[in-house]
Amino acid sequence: HVFHSGQADPNYVQRRQQTTIISLECLSPCDANSFCKSMGTLTAEEGFDIHLVDLGDVYAMDVATEKGLELMKFAQATPASMADIQRLNSVLSEKWPRFPYRLDFDISDLPSLLNMSMKSPLWAELGERCLACAACTNVCPTCFCFDVKDEIDLNLTSGKRVRTWDSCQLDEFANVAGGHNFRKNRALRQ
């Protein structure tokens with residue numbers, strides 16, 4: 001949504017057009033601490049070309065795009081019967097009780113709760129443990145900061161604009177003109 005709506009990112013749009021996404025319904029928790037149900041992300045409702053649900057001996061397929069429809073030409077698939085739909089509903093209804101709610105609040109309150117906790121000692125504690133290596137933001141699906149630099153050739157008549165991934169967890173991320181760093185310590189960057 002971030003890269004494809006509003007001011008769409010042409011680099012993302014081009015890559016997405018060249019990417020096929022086949023997702024698989026998660027039917028049991030990854031571990032005892034999973035909180036996907038609390039965050040409303042227990043199932044994929046969009047963002048895929050084909051979504052699969054394992055029914056044991058076969059997969060139920062939800063085709064969401066033209067690209068997914070084109071791929072169906074290569075599948076040994078038949079339209080779902082009423083019995084297939086009942087079996088799918090049964091598998092999905094058995095899934096939900098396996099995932100407990102972990103967060104005892106409405107997730108739409110999360111931004112205001114985080115705002116109220118800006119001065120919490122937790123951020124200093126996390127900052128002390130942080131290496132400022134940016135590994136966390138490299139694997140986080142919600143992190144999408146980047147930096148743009150112009151690289152000028154030695155002839156001063158040509159060059160290129162290069163975009164690289166960046167991270168708010170790096171020491172130099174918040175450096176601005178005049179050498180001011182508005183998030184100088186790691187606790188502030190947490």
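**Exercise 1. Serine 167 and its surroundings**

Task: In this predicted model, decide whether serine 167 is buried or exposed, then find which residues it is in contact with.

Solution:
- Step 1. Start with the accessibility. Serine 167 has a relative accessibility of 2%. Buried means under 20%, so serine 167 counts as buried.
- Step 2. Place the residue in the chain. Serine 167 sits in the loop between β5 and α7, the helix of residues 186–189.
- Step 3. Look for polar partners. The side chain of serine 167 makes a polar contact with the side chain of threonine 137, at 2.7 Å.
- Step 4. Widen the search. With neighbours within four places in sequence left aside, serine 167 is in contact with Ala134, Thr137 and Phe173.

**Exercise 2. Two alanines in one loop**

Task: Ala134 appeared among the contacts of serine 167. Work out where alanine 134 lies and what is notable about its phi, then do likewise for alanine 132.

Solution:
- Step 1. Find the loop. Alanine 132 lies between α5 (121–129) and α6 (135–139), and alanine 134 is also in the loop between α5 and α6.
- Step 2. Recall the usual backbone habit. Most residues other than glycine have a negative phi.
- Step 3. Check the angles. Phi of alanine 132 is near 55 degrees, a positive value, and alanine 134 has a positive phi of about 75 degrees.
- Step 4. Add the accessibility. Alanine 132 is buried at 11% relative accessibility, and alanine 134 is buried at 6%.

**Exercise 3. Looking for disulfides**

Task: How many disulfides are found in the whole structure? Explain why cysteine 130 and cysteine 168 are not bonded to their closest cysteine.

Solution:
- Step 1. Take the overall count. The search of the whole structure finds zero disulfides.
- Step 2. Test cysteine 130. Its closest cysteine sulfur is in cysteine 136, and because the two sulfurs are 6.2 Å apart, they are too far for a bond.
- Step 3. Test cysteine 168. Its closest cysteine sulfur belongs to cysteine 143, at 5.7 Å, which is again too far for a bond.
- Step 4. Compare the surroundings. Cysteine 130 is buried, at 16% relative accessibility, whereas cysteine 168 is partly exposed, with 21%.

**Exercise 4. A hairpin of two strands**

Task: Describe how strands β4 and β5 pair, and find the bridge partner of lysine 149.

Solution:
- Step 1. Locate the strands. β4 covers residues 146–152 and β5 covers residues 159–165.
- Step 2. Find the direction. The two strands pair in the antiparallel sense, over seven bridges.
- Step 3. Pick out one pair. The bridge partner of lysine 149 is valine 162, in β5.
- Step 4. Examine the turn. β4 and β5 form a hairpin with six residues between them, and leucine 156 in the turn has a positive phi of about 60 degrees.

**Exercise 5. A buried arginine**

Task: Where is arginine 16 found, and what does its side chain reach?

Solution:
- Step 1. Assign the element. Arginine 16 belongs to helix α1, residues 10–17.
- Step 2. Judge its exposure. With a relative accessible area of 16%, arginine 16 is buried.
- Step 3. Follow the side chain. The side chain of arginine 16 reaches the backbone oxygen of threonine 19 at 2.8 Å.
- Step 4. List the contacts from further along the chain. Setting aside neighbours within four places in sequence, arginine 16 is in contact with Ile21, Gly47, Phe48, Asp49 and Lys67.

**Exercise 6. The whole chain**

Task: Put the chain together: which pattern does its secondary structure follow, and what is its radius of gyration?

Solution:
- Step 1. Count the elements. The chain has seven helices and five strands.
- Step 2. Read along the sequence. The pattern is α-β-β-β-α-α-α-α-α-β-β-α.
- Step 3. Consider the extent. The chain has a radius of gyration of 23 Å, while a compact globule of 190 residues would have one near 16 Å. The C-alpha atoms fill a box of roughly 70 × 50 × 25 Å along the principal axes.
- Step 4. Take one distance as an illustration. Alanine 77, in the loop between α2 (66–71) and α3 (82–95), is 55 Å from asparagine 175, C-alpha to C-alpha.
- Step 5. Finish with burial. Buried residues make up 18% of the 190 residues.

Definitions and conventions: Residues are numbered from 1 along each chain as its sequence is written. This is a predicted model: local features need pLDDT of at least 70, side-chain atom pairs count only at pLDDT 80 or more; totals for chains, interfaces and linings use all residues. Side-chain values use heavy atoms; hydrogens and water are left out. Two strands pair if DSSP finds at least two bridges between them. Helices (H or I, at least four residues) and strands (E, at least two) are DSSP runs, numbered from the N terminus. Buried means under 20% relative accessible area, exposed over 50%, partly exposed in between (1.4 Å probe, protein chains only). A polar contact is a pair of N or O atoms within 3.5 Å; within protein, one must be able to donate a hydrogen and the other to accept it, and residues adjacent in sequence count only if both atoms are side-chain atoms. Contact means heavy atoms within 4.5 Å. The radius of gyration is taken over C-alpha atoms; the globule rule is 2.2 Å times the number of residues to the power 0.38. A disulfide is a pair of cysteine sulfur atoms within 2.5 Å.
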